[in-house]
Amino acid sequence: MIGYRKLAVPALGVLAACSLIAVARAQVPSPVPSVWAAPSQTPSPAPTPTIAVLPPDAAPQILWWHLSSATPQAGDTLSVIVLTSSNVASVELRIGGYAFNLPKTDVGHFEGGYVVPQLPFFVSHDLLMRIIARNTAGVSVESGVEIQVR
């Protein structure tokens, strides 16, 4: 029983020190990760463009887009932001045989996140993501970006 006391006292001291460290770390606010910069990419030095105000019948424009990662893994959430001219009514993403509409969050601002599926080994993991913007008349403009699913 005496041997246990000799071990228990230092163990309690270590436990108390660990709990003090944990409390101190919990009180220091950790930085919130930015939606604009992903760990796998360096932020672009160019500022995001101002939304171009165009008449409804003008040709749509894709001004800027951002992916959270160009090399996502299966199970990751891929966040996409697309800035367009004011006359764009919808933005569609096409990857392989799949198509997704990005929700419109403001005039010329479309944003969404999608979970990357597990791709079979026999399917190419190098894919082209097409960004298609349309105005209300159905006129479209397209931009593409290569992604590699790991």
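This passage describes a four-stranded sheet and one loop residue in a predicted model.

The sheet is open and contains 4 strands. Their order is S4-S3-S7-S8, and the pairing is antiparallel. Strand S4 (98-102) and strand S8 (140-148) form the edges. Each has a single partner strand, so one side of each is left without a neighbour in the sheet. On average, neighbouring strands are turned by 20° against each other, direction ignored.

Two of the pairings can be described in detail. Strand S3 (residues 88-95) pairs with S4 over 5 bridges, in the antiparallel sense. Ile95 has Tyr98 in S4 as its bridge partner. The hairpin of S3 and S4 has 2 residues between the strands. Gly96, in this hairpin, takes a positive phi near 60°. At the other edge, strand S7 (residues 126-135) is joined to S8 by 9 bridges. These two strands also run antiparallel. Ile131 stands opposite Ser143 in S8. In a regular strand, side chains alternate between the two faces of the sheet.

The loop residue is Thr50. Thr50 lies between helix H1 (2-27) and strand S1 (62-67). Its relative accessible area is 71%; values over 50% count as exposed, so Thr50 is exposed. Thr50 and Leu83 are separated by 33 residues in sequence. In space, the C-alpha to C-alpha distance between Thr50 and Leu83 is 8.7 Å.

Key. Residues numbered from 1 in each chain as written. Predicted model: local features only at pLDDT ≥ 70, side-chain atom pairs only at ≥ 80, totals over all residues. Heavy atoms only, no water. Buried < 20%, exposed > 50% of the residue type's maximum accessible area, 1.4 Å probe, protein only. Pairing = 2+ DSSP bridges. Axes fitted to C-alpha atoms, helices over the stretch in contact; angles between N-to-C directions.
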